[in-house]
Amino acid sequence: MSYKQTTCWHVDHFLGKDGDVEKIKEAALWIRRGEVVAFPTETVYGLGANALDEEAVKKIFIAKGRPSDNPLIVHIAKESALTDLVERVPEKAKRLIDAFWPGPLTIIFKKSTRVAPSVTAGLDTIAIRMPDHPVAQKIIEEARVPVAAPSANVSGKPSPTKATHVINDLNGKIAGIVDAGPTGVGLESTVIDCTKEPPVIYRPGGVTKEAIEAVIGKVDVARNAENDEETPLSPGMKYTHYAPDGALYLVSDPTKIEQLVRTAKKDGKKVGVLTTEEGKRLYDADVVVSCGTRTDLQTVATSLYDSLRTFDRYGVDVIYAETFPQEGVGAAIMNRLEKAALGKM
Ligand code: TXA
Ligand code: MG
């Protein structure tokens, strides 16, 4: 699928400018009619298609180069839209919905038969979330259909947190994009399977395990399954993700990073370091990127993917990244960094 051009609608985050609502209505109509359109959510930009239209959903897989056995998240704007999509809403799922929707939490349910088969990649379960972004909500509402939307990046690349990331990856491969500025949370939603007892977190994200356990009690966390031979519980777990072009290594000791930088430079490599405000003056690398401050790890989450893409822009050969504590949002940050570094730790 290729387009002469990808249409770009610029709107205000709160749709406050004259003409914003008309632009959203047009984008929503394109989705309703079977086109794929990228739009911002509070986590990352998504690539949306009508979840009831098999041909439309296939266009998502083609544009992203996404393996067809990796299912998509269905986005809704109202809780009442769940009824048609799932067999039942378990009690714990209901409590999570009341606590965290709209917001960065994706819940897996037993599915009904309505959605297009490729949305769920043949599974008997369906992942659903209600995004907390005025633009996403308005598009879904105006499309008047559930909207299947993975992150709007080429498969394997870091998820897009700015419209320019989407354009770099997908220009000419998708019908349109709604640009409402950078997203806020920066990492994708938490994915939790409520068909299991206790529920299982497949992907740590915008809502922390601690916050979830405060609402429904103990949950399990699936291990990263990439290096395992066994079938992963969530298909997305087995694919390399979030990877910049350069080889990325996680190193917890800054002194060790300084040594590694010196050695790599001697070997003639272009070297990058991913650090924070606290560490940015320590390193004599070619490209030093600060992705936030350790006093507020949400700042790191917000700019992590943009930081990883920065190394691509400078064409670095090797990246040494500092590590972060595994609690709270730190767990989601480390999960993404570990995937980006896959097999190189
Ligand atoms: O924040 C987000 O969740 C963003 C925005 C756009 O909403 N979306 C997103 O979608 O990150 P995607 O496709 O990049 O990631 C969806 C993840 C994948 O790892 C997929 O395997 C998993 O959810 N998933 C989807 N349906 C599933 C199911 N029925 N069972 C298990 N895992 C599922
Ligand atoms: Mg993704």
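**Exercise 1. Work out which residues come nearest to ligand 1 and how the shell around ligand 1 is made up.**

Step 1: start with the neighbours. There are 25 residues around ligand 1, and T43, N70, H75, S189 and S234 come nearest; a residue is near a molecule if one of its heavy atoms lies within 4 Å of it. Before going on, please keep in mind that this is a predicted model, in which local features need pLDDT of at least 70, side-chain atom pairs count only at pLDDT 80 or more, and totals for chains, interfaces and linings use all residues. Residues are numbered from 1 along each chain as its sequence is written, chains are lettered from A and ligands numbered from 1 in the order in which they are written, and side-chain values use heavy atoms, with hydrogens and water left out.

Step 2: look at polar atoms. A polar side-chain atom of N70 lies 2.7 Å from an oxygen atom of ligand 1. For S151, an N or O atom in the side chain is 3.0 Å from an oxygen atom of the ligand, and for S189 the corresponding distance is 2.5 Å.

Step 3: check the cover. On its own, ligand 1 has 690 Å² of accessible area, and the protein covers 96% of that (Shrake-Rupley method, 1.4 Å probe).

Step 4: assign the shell to elements. Those that give two or more residues are β4 (73–75), β6 and β10 (200–203), and β6 gives the most, with 4 residues. Strands here are DSSP runs of E with at least two residues, and helices are runs of H or I with at least four, numbered from the N terminus.

Step 5: sort by class. The shell has 12 nonpolar, 9 polar and 4 charged residues. Here Ala, Val, Leu, Ile, Met, Phe, Trp, Tyr, Cys and Pro count as nonpolar, Asp, Glu, Lys and Arg as charged, and the others, Gly among them, as polar.

**Exercise 2. Describe the surroundings of S118 and of S155.**

Step 1: place S118. You will find S118 in the loop between β5 (105–110) and β6 (125–129). S118 counts as buried because its relative accessibility is 14% (buried is under 20%, exposed over 50%, partly exposed in between; 1.4 Å probe, protein chains only).

Step 2: list its partners. Apart from neighbours within four places in sequence, S118 is in contact with E54, V57, K58 and F61, where contact means heavy atoms within 4.5 Å. The side chains of S118 and E54 are joined by a polar contact of 3.0 Å; such a contact is a pair of N or O atoms within 3.5 Å, and within protein one must be able to donate a hydrogen and the other to accept it, while residues adjacent in sequence count only if both atoms are side-chain atoms.

Step 3: turn to S155, in the loop between β7 (147–148) and α6 (163–170). With 30% relative accessibility, S155 counts as partly exposed. Again leaving aside neighbours within four places, S155 touches K64, G65, R66 and P67 in the sense of contact used above.

**Exercise 3. Which peptide bonds are cis, and which residues have a positive phi?**

Step 1: recall the background. Most residues other than glycine have a negative phi, and most peptide bonds are trans.

Step 2: cis bonds. One joins W101 and P102, with omega about -10 degrees; another joins E197 and P198, with omega about -5 degrees.

Step 3: positive phi. L15 has phi near 55 degrees and is buried at 14% relative accessible area. R144 has a positive phi of about 55 degrees, but is exposed at 61%.
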